[in-house]
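Please look through the structure below with a view to its open and enclosed spaces, its helices and its aromatic rings. The paragraphs that follow take these topics in turn.

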Amino acid sequence: MSTELATQPVGKLLIKYSIPAIIAMMVNGLYNVVDRIFIGNIPGVGELAIAGLGITLPLMTILLAFGLLIGIGAAANISLRLGEGKGDLAEKILGNAGVMGIMIGIPITIIGLLFSNQILLAFGASEASLPYAKEYMDIITIGTVPYIIAISVSHLIRSDGNPKLSAIIMAGGCALNIILDAIFIFGLEMGIRGAALATIIAQMGTVFWGLLYFIKGNSNLKFHISNMKPDFTIIKIILAIGVAPFTLQLATSCVQIIANNALRAFGGDSAIAAFATINSIMIMVTMPVIGVNQGAQPIIGFNYGAKQYNRSTQAFKICIIAITIILSIGWLLIQSFPNILVRPFSGNNPDLVALTSNGLRKYSTVLPVIGITIFGSTYMQAIGKAKYAMLLSLLRQVILLIPLMLTLPYIFGLNGVWFSQPIADSIAAVVSAIIVIREIRSIPSATINEADMEAPDKITELVDPV
């Protein structure tokens with residue numbers, strides 16, 4: 001893997017690593033999207049049930065935040081250590097990533113089960129939607145540990161140099177989730193509880209498959225129980241890189257809580273249900289972008305760590321172009337066919353379809369420009385600039401969005417909710433572009449030239465130092 005990352009054309013590497021990552025993230029997004037489609041079509045209660053699911057969205061985002069904290073933080077450090085030729089340290093990082101999932105997941109489970117009603121009311125639940133939200137949340141909370149670790153596994157396998165398997169494992173988990181959704185929700189008439197149970201069982205399958213790969217599979221890194229002994233120096237470096245995506249998702253959870261309460265005040269449970277659907281569609285549009293980010297991370301991280309700065313910068317430029325194209329296509333589809341996109345979630349409720357379509361168009365107004373903010377943060381993570389990565393993450397979802405979400409709905413009603421995100425995105429894109437361009441221009445000019453790239457002995461000396 002080391003020689004490949006140092007020598008193969010950057011464009012070819014990005015295709016090899018990003019395509020499986022895109023598939024994996026699309027599959028990951030389908031976990032929640034499929035649940036919402038099934039739940040939105042439960043006879044008689046679909047709208048209230050999906051509103052209840054929308055209330056639990058901040059919890060799901062918090063679990064995702066911890067999964068990314070561990071997964072991205074560990075994966076970025078593994079790539080950097082492999083680039084430096086430190087395989088033993090990379091394996092210790094892998095082991096500590098596993099124990100972090102357990103250490104973080106158990107307290108969340110206890111707190112979630114003890115205070116579920118209070119948490120859901122704070123998340124924006126109404127008297128009507130609370131029972132549905134609680135049914136879903138209690139089961140998800142019980143499965144917190146496998147949920148967090150499953151999110152981490154895909155990143156760890158990708159950093160090991162096997163993005164294809166990462167995608168296959170995620171696809172397998174999603175397929176299992178879809179099958180179990182149909183069985184539990186409609187076959188066994190378990191309703192929203194069935195959707196939660198299907199999700200947790202599918203995540204457990206993902207964890208088991210990933211563990212087998214690192215124990216018995218053809219992996220570069222091996223999982224050893226001895227490496228699960230907490231090493232707080234290693235945990236610290238995982239947190240240092242992982243804190244940026246963690247903070248972003250945690251901020252997203254805060255925004256979801258604020259939005260749910262504003263939606264309940266100005267539109268009731270129908271508006272919360274609409275927002276849950278809008279989030280589902282936006283997830284499916286942005287998941288390919290996150291896949292590109294994740295596919296590029298080991299390439300940028302390895303080459304930056306190996307001082308091949310020209311290759312890391314080239315990867316950044318190619319990715320920005322690809323991400324902008326993806327987002328532009330998503331924007332065009334949303335603006336052209338909103339009704340078609342939202343109808344599967346709405347149980348053929350025409351009022352809910354109209355409300356959601358209107359919100360979706362407004363919420364996605366400046367979608368094509370957000371790539372520089374999202375990928376700019378990922379680029380900073382990959383090159384080890386944790387402070388800049390955190391700044392770019394906070395800029396869009398905290399520094400700008402939270403104040404807007406707290407004020408605009410009380411001035412413009414529902415339109416204030418729908419337009420808060422695009423206003424924040426526009427400002428963040430400008431600021432992010434300035435910061436990222438300045439960072440790239442500050443990169444040392446010393447790098448391996450094309451002649452060196454063709455000299456196998458020099459490459460071997462670089463990636464396998466004696």
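In this predicted model, helix 9 (192-216) gives the most to the lining of the largest pocket, with 5 residues. Helix 4 (87-114) and helix 7, like helix 9, each supply at least two residues of that lining. The largest pocket has a volume of about 280 Å³, and of the 16 residues that line this pocket, Gly98, Ile149, Val207, Leu211 and Phe223 are the closest to its centre. By class, the lining of the largest pocket divides into 13 nonpolar and 3 polar residues, with no charged residue.

The second largest pocket holds about 150 Å³ of space, and its lining includes at least two residues from helix 10 and at least two from helix 11. The residues that line the second largest pocket are Ile281, Met284, Val285, Pro288, Ile326, Gly330, Leu333, Ile334 and Leu341, which divide into 8 nonpolar, 1 polar and no charged. Of these, Gly330 and Ile334 are also among the buried residues of helix 11, a list that further includes Tyr309, Arg311, Phe316 and Cys319. Helix 11 itself, residues 309-336, has 28 residues and reaches 41 Å from its first C-alpha to its last, which is close to the 40 Å expected at 1.5 Å a residue.

Beside the pockets there are enclosed spaces: the structure holds 3 cavities of 30 Å³ or more, and the largest cavity has a volume of about 990 Å³. Which helix gives the most to the lining of the largest cavity? Helix 10 does, with 17 residues, while helix 2 (10-40), helix 3 (46-83), helix 7 (144-159), helix 14 (371-382), helix 15 (386-407) and helix 17 (414-441) are among those that each supply at least two. The lining of the largest cavity comprises 49 residues, of which Leu64, Gln249, Thr286, Met287 and Ile290 lie nearest its centre, and by class it has 23 nonpolar, 22 polar and 4 charged residues.

Helix 3 also holds Thr56, which is buried, with a relative accessible area of 1%. Leaving aside residues up to four places away in sequence, Thr56 touches Leu120, Ala133, Tyr136 and Met137.

The aromatic rings form 6 pairs. In one of them, the rings of Phe266 and Tyr410 have their centres 5.3 Å apart and their planes at 75°, so the pair is edge-to-face. This pair links distant parts of the chain, with Phe266 in helix 10 (residues 232-305) and Tyr410 in helix 16 (residues 409-412), 144 residues apart. Phe266 is partly exposed, with a relative accessible area of 37%, whereas Tyr410 is exposed, with a relative accessible area of 55%.

In another pair, the rings of Phe275 and Tyr363 have their centres 5.8 Å apart and their planes at 85°, so this pair is edge-to-face. Distant parts of the chain are linked here too, with Phe275 in helix 10 and Tyr363 in helix 13 (residues 350-363), 88 residues apart. Both Phe275 and Tyr363 are buried, and ring pairs link these two residues with Trp418 into a cluster.

Taken over the whole chain, there are 19 helices and 0 strands, and buried residues make up 59% of the 466 residues. Of the contacts in the chain with a separation of 6 or more, residues 24 or more positions apart account for 82%.

Definitions and conventions. Residues are numbered from 1 along each chain as its sequence is written. This is a predicted model: local features need pLDDT of at least 70, side-chain atom pairs count only at pLDDT 80 or more; totals for chains, interfaces and linings use all residues. Side-chain values use heavy atoms; hydrogens and water are left out. Helices (H or I, at least four residues) and strands (E, at least two) are DSSP runs, numbered from the N terminus. The expected span of a helix is 1.5 Å times one less than its number of residues. Buried means under 20% relative accessible area, exposed over 50%, partly exposed in between (1.4 Å probe, protein chains only). Rings of Phe, Tyr and Trp (its six-membered ring) pair if their centres lie within 6.5 Å; planes under 30 degrees apart count as stacked, over 60 as edge-to-face and the rest as tilted. On a 1 Å grid over the protein atoms alone, a cavity is a set of points where a 1.4 Å probe fits but cannot get out, and a pocket is an open set with protein on both sides within 12 Å along at least five of seven lines; lining residues have an atom within 4 Å of a point. Grid points are joined across faces, edges and corners, and a volume is the space filled by probe spheres set on the points. Ala, Val, Leu, Ile, Met, Phe, Trp, Tyr, Cys and Pro count as nonpolar, Asp, Glu, Lys and Arg as charged, and the others, Gly among them, as polar. Contact means heavy atoms within 4.5 Å.
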